[in-house]
Amino acid sequence: MSAIREEMPVLTRHEGDWVGTYILVDTKGNILDKHDSHLSCQFPEDGSYSYYQINRYKWSDGKQEEHQFPGNYRDKKIWFDTERIEGKAWEVDDATIILWFSYKTMPGMYLYEMINLSSCNNYRSRTWHWFKNHQLFQRTLIQEERLR
């Protein structure tokens with residue numbers, strides 16, 4: 001068993017495919033955006049990365065996006081440094097992961113994400129808190145269930 005699987009057991013429980021809905025709201029609760037998601041969380045066997053996530057998004061108007069997030073494990077954290085984002089994720093208890101990241105094209109902006117996994121491993125809820133110049137300006141609310 002690799003160190004990541006031993007030292008990040010909550011992250012390991014996320015392995016597989018997840019489907020859900022993202023709802024972006026402003027600080028007053030007004031909906032700014034809503035779209036469906038399909039995420040794949042993987043631990044590649046070939047050693048290329050410790051962790052690999054693929055996010056697929058689909059809007060009701062037909063718009064679609066796909067983003068890939070390879071991560072490397074060290075110091076009991078997953079570190080991301082892609083052309084799109086940089087950040088890190090770590091476990092805080094038996095059900096929760098915190099992810100801090102920033103988009104490279106958006107200086108002065110960063111996010112904190114809390115990911116909570118149900119004890120049955122089939123449901124998770126996630127919230128993103130978006131900060132610009134250290135001020136909260138929006139949140140993303142995500143509800144997902146395991147596809148496989």
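Buried means under 20% relative accessible area, exposed means over 50%, and partly exposed is in between (1.4 Å probe, protein chains only). Keep that handy for the exercises below.

This is a predicted model, where local features need pLDDT of at least 70 and side-chain atom pairs count only at pLDDT 80 or more, while totals for chains, interfaces and linings use all residues. Residues are numbered from 1 along each chain as its sequence is written, and side-chain values use heavy atoms, with hydrogens and water left out.

**Exercise 1.** Find out whether F43 and Y51 are buried or exposed, and work out how their rings are arranged.

Solution. Start with burial: F43 and Y51 are both buried. Next, the rule for rings: those of Phe, Tyr and Trp (its six-membered ring) pair if their centres lie within 6.5 Å, with planes under 30 degrees apart counted as stacked, over 60 as edge-to-face and the rest as tilted. The structure holds 14 such aromatic pairs. In the one made by F43 and Y51, the centres are 5.5 Å apart and the planes meet at 70°, so this pair is edge-to-face.

**Exercise 2.** Do the job again for F101 and W128, then place the two residues along the chain.

Solution. Ring geometry comes first: the centres are 5.5 Å apart and the planes stand at 85°, so you have an edge-to-face pair. Now for the chain: F101 sits in strand β7 (residues 96-103) and W128 in strand β9 (residues 123-132), so to speak distant parts, 27 residues apart. Strands here are DSSP runs (E, at least two residues), numbered from the N terminus. Check burial last: F101 has 5% relative accessibility and counts as buried, and W128, at 8%, counts as buried too. Both belong to a cluster linked by ring pairs, along with Y22, Y57, W59, Y103, W130 and F137.

**Exercise 3.** Look for the charged side chains over W59 and W79.

Solution. The test is that NZ of Lys or CZ of Arg is within 6 Å of the ring centre and within 35 degrees of the ring normal. Over the face of W59 you'll find K63, 4.4 Å from the ring centre. Over the ring of W79 sits the charged end of R74, 4.4 Å from its centre.

**Exercise 4.** Describe strand β1 and its partners.

Solution. Begin with cover: eight of the eleven residues in β1 (residues 16-26) are buried. Then look sideways, remembering that two strands pair if DSSP finds at least two bridges between them. β1 runs antiparallel to strand β2 (residues 31-42), with ten bridges, and D17 has S40 as its bridge partner there. Nine bridges join β1 to strand β10 (residues 135-146), also antiparallel, where V25 is partnered by R139.

How values were computed. Helices (H or I, at least four residues) and strands (E, at least two) are DSSP runs, numbered from the N terminus.
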